[in-house]
Amino acid sequence: MLDNPLQRWIQGLRGKKGRVPVLVKELGERDRRRILRHLLALDSGDRLLRFGSMIPDEGITAYVGKIDFARDIVFGVVNNVFQLVGVGHLAFAPSEGKKTDKEQIAEFGVSVSASARGQGVGTRLFQRAAIHCRNSDVDTLYMQCLTSNQTMMHIAKKAGMRIKREYGEADAHLELPPPSPGSVMAEALEEQFAVIDYTVKANARAAAKFFTLKKR
């Protein structure tokens, strides 16, 4: 998945026939409420797959409130009506006790709205997280999920992650190569395209609200 990153990004941008390309943007503080709405809209089954437990609304609200955008990285995918349909949280932690000589490791969690399933959103979020780790001198990416989460298990296997199963949970990790000019360029281009896409959709949403209010 990580060989020839620039070429693979270009292929991903084209998208599959009949499918709109999935652009992944880094999110920030101003997106916190959108992230919360996205996660609260997940049903009980999706919450179980995302968090590993039946987390209530209060737990999700607390989780989103504690996201530190200065430390962790959150990626998102917005649809045509400027709603988040995919969110990936890349959290960093000290590498103590892990088989790496780097200072940090990363762990990734992802959620995709039911309306966006089967469009490659989860895969693109994972790819963006992996290439960001690679460019940030992090060589080990972990992903923990229930073994019943077939989508994430498929993404993990496709990425070549080493998977360890225990008590219904899967602990997978991916060893990443060092950054390259191609990986740096691929991430920079991804963000630029995603920012343009995000801005256009945000402006279209604002215009639609303005004209709706004007008609009343």
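Arg128, Glu187 and Glu191 are joined in a network of salt bridges. This network belongs to a predicted model, in which eleven salt bridges are found. Within the network, the side chains of arginine 128 and glutamate 191 meet at 2.8 Å, N to O. Arginine 128 lies in helix H5 (residues 121–135) and glutamate 191 in helix H7, so this pair ties together parts that are 63 residues apart in sequence. Arginine 128 has a relative accessible area of 3% and is therefore buried, the limit for this class being under 20%.

The protein as a whole comprises seven helices and seven strands. Along the sequence, these elements follow the pattern α-β-α-α-α-β-β-β-α-β-α-β-β-α. Of the 216 residues, 41% count as buried.

The seven strands form an open sheet with mixed pairing, in the order S1-S2-S3-S4-S5-S7-S6. Strand S1 (25–26) and strand S6 (162–166) are the edge strands, each of which pairs on one side only. In general, the strands of a sheet pair through backbone hydrogen bonds, either parallel or antiparallel. At one edge, S1 and strand S2 (residues 73–78) are paired in the antiparallel sense over two bridges. Here glutamate 26 stands opposite phenylalanine 75 of S2.

At the other edge, S6 and S7 are also paired in the antiparallel sense, over five bridges. Strand S7 covers residues 169–175. The hairpin of S6 and S7 has two residues between the strands, and tyrosine 167 takes a positive phi near 55° in this hairpin. Arginine 162 stands opposite histidine 173 in S7, while the side chain of arginine 162 meets that of glutamate 175 in a salt bridge of 3.3 Å, N to O. Because arginine 162 lies in strand S6 and glutamate 175 in strand S7, this pair ties together parts that are 13 residues apart in sequence. With a relative accessible area of 52%, arginine 162 is exposed, whereas glutamate 175 is partly exposed at 48%.

A further salt bridge is formed by the side chains of arginine 71 and aspartate 72, at 3.1 Å, N to O. The two partners fall into separate accessibility classes: arginine 71 is partly exposed, with a relative accessible area of 48%, and aspartate 72 is buried, with a value of 4%.

Charged residues also gather in patches on the surface. A positive patch is made up of Arg33, Arg37, Arg205 and Lys209. Helix H2 (32–40) and helix H7 (181–215) are the elements that give two or more residues to this positive patch. Arginine 37, a member of the patch, is placed in helix H2. Its relative accessibility of 52% means that arginine 37 counts as exposed, since the exposed class begins over 50%. Helix H7 thus contributes to the positive patch and also carries glutamate 191, the partner of arginine 128.

A patch of negative charge on the surface consists of Glu107, Glu166, Glu169 and Asp171. Glutamate 169 is located in strand S7 and is partly exposed, with a relative accessible area of 34%. Glu166 of this patch falls within the residue range of edge strand S6 (162–166).

Key
Residues numbered from 1 in each chain as written. Predicted model: local features only at pLDDT ≥ 70, side-chain atom pairs only at ≥ 80, totals over all residues. Heavy atoms only, no water. Patch = residues over 30% accessible without salt bridge, like charges linked within 9 Å, V, L, I, M, F, W, Y side chains within 5 Å. Areas by Shrake-Rupley, 256 points an atom, 1.4 Å probe, with all protein chains shown as cover. Salt bridge = Lys/Arg side-chain N within 4 Å of Asp/Glu carboxyl O. Lys, Arg positive; Asp, Glu negative; His and termini not counted. Charge placed at Lys NZ, Arg CZ, Asp CG, Glu CD. Helix = DSSP H or I, 4+ residues; strand = E, 2+ residues; numbered from the N terminus. Buried < 20%, exposed > 50% of the residue type's maximum accessible area, 1.4 Å probe, protein only. Pairing = 2+ DSSP bridges.
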